[in-house]
Amino acid sequence: MTQNAVEKNSVTLLGLGAMGTALARTWLAAGHPLTVWNRTPARAASLAAEGAKVADSAAAAVAANALVVVCLLDDASVEDALAGIDLADRDLVNLTTSTPAQARARAEWARERGARYLDGGIMAVPPMIGVPESGGYVFYSGSPQLFERHRETLVVPAGTVYVGHDAGFAALYDMALLSAMYGMFAGAAHAFALIRKEDIDPASLAPLLADWLVAMAPAVHRTAEQLRTGDYTQGVVSNLAMQVAGTPAFVSAAEQQGVSPELLSPYFALMRRRLAEGSGEEDLTGVIDLLVR
């Protein structure tokens, strides 16, 4: 082992699913001494061949290094894997998908056990890990000192974006972006459904659809500014009244194509509700206020 490798931070990783394995391989390739544990030991075999130390228990893995990264199925899995384990003086980085409330509770749980805590939200799929040009990154929130202490190690698998001392913020940003993604997928699904029975090659629609979504994406900046100022009429291009007037055509087109409008109808209903409140000159931003309870 080279002197450079010896100087790199040692890491313990709990969880060797597709994402955990990708993280492990990236740290190993960068020369970080790595201890791994997985509930199913067979998953660790290939990593052992690549230089990882395989712990026979989660407790042994946690005891091996100060920096402990957890990448498990869900928050309940984290609770189960770390139950009864001494976490005193450990730096716990939780990359398990969770809700903001779960992350905050887990941060307090870690503090009560003498550990320092960072929560993370991974904005990447496994093939993007260790590939800087892929654009993958991880949101981190919690102790800023802990983030700075391990920044150089955490940036090895994917870019890092620190979003605040509130431990729930990484999960919140994660869920916000993924929610927008699913909304986009829903719109794309409806678009492809409209042409499904026609003599149209879906591959001919795909580039047009992708370019259109890219062209529309900057509208989120206008929405953010309207929310910040409270002026929902600022920079309006097509006001709410005009857009609501056009929605029946979308529903009719779907019905004529034999396509359920169920992906569009809830949003159209919110638009009509906002218009009924007398907000016809606004942008679509007011719909957000209807969603917040």
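This report walks through the sheet, one loop residue and the two largest pockets of a predicted model.

## The sheet

A good place to start is the sheet. Eight strands make it up, and it is an open sheet with mixed pairing. Reading across it, the strands come in the order 3-2-1-4-5-6-7-8. At the edges stand strand 3 (53–54) and strand 8 (159–162). Each of these has a single partner strand, so one side of each is left without a neighbour in the sheet. As a general point, strands of a sheet pair through backbone hydrogen bonds, in either a parallel or an antiparallel way.

Inside the sheet, strand 1 (residues 11–14) runs parallel to strand 4 (residues 67–70), and three bridges join them. To find this pairing on screen, look for Thr 12, which stands opposite Val 68 in strand 4.

## From strand 7 to strand 8

Now follow the order to its other end. Strand 7 (residues 137–142) and strand 8 also run parallel, joined by four bridges. Here Phe 139 has Val 161 in strand 8 as its bridge partner. Between the two strands the chain passes through helix 7 (residues 144–154), giving a β-α-β crossover that is right-handed.

Another helix to look for is helix 6 (residues 100–112). Helix 6 lies across strand 5 (91–94) and strand 6, and runs at about 150° to strand 6.

## A loop residue to visit

Asp 89 sits in the loop that links helix 5 (75–82) and strand 5. Its phi is near 65°, a positive value in a residue other than glycine.

Which residues does Asp 89 touch, leaving aside those up to four places away in sequence? They are Gly 114 and Arg 116. Asp 89 and Gly 114 are 25 residues apart along the chain, yet 5.7 Å separates their C-alpha atoms.

## The largest pocket

The largest pocket has a volume of about 2,400 Å³. Its lining counts 49 residues, and those nearest the centre are Met 184, Leu 213, Met 216, Val 220 and Tyr 267. Several elements give two or more residues to this lining: strand 6 (116–123), helix 8 (169–195), helix 9 (202–216), helix 10 (219–229), helix 11 (240–256), helix 12 (265–276) and helix 13 (286–291).

Which helix gives the most to the lining of the largest pocket? That is helix 8, with 17 residues. Sorted by class, the lining of this pocket holds 37 nonpolar, 10 polar and two charged residues.

## The second largest pocket

The second largest pocket has a volume of about 250 Å³. It is lined by 18 residues, with Met 19, Cys 71, Leu 95, Thr 97 and Ile 122 closest to its centre. Strand 6 and helix 8 are the elements that give two or more residues to the lining here. Strand 6 supplies the largest share, four residues.

By class, 11 residues of the lining of the second largest pocket are nonpolar, five are polar and two are charged. Strand 6 and helix 8 may look familiar by now, as both are also listed for the lining of the largest pocket.

How values were computed
Residues numbered from 1 in each chain as written. Predicted model: local features only at pLDDT ≥ 70, side-chain atom pairs only at ≥ 80, totals over all residues. Heavy atoms only, no water. 1 Å grid on protein atoms, 1.4 Å probe; cavity = no way out; pocket = protein on both sides within 12 Å on 5 of 7 lines; lining within 4 Å. Points joined across faces, edges and corners; volume = space filled by probe spheres on them. Nonpolar A, V, L, I, M, F, W, Y, C, P; charged D, E, K, R; others polar. Pairing = 2+ DSSP bridges. Contact = heavy atoms within 4.5 Å. Axes fitted to C-alpha atoms, helices over the stretch in contact; angles between N-to-C directions. Right-handed = clockwise from strand over helix to strand, strands pointing away.
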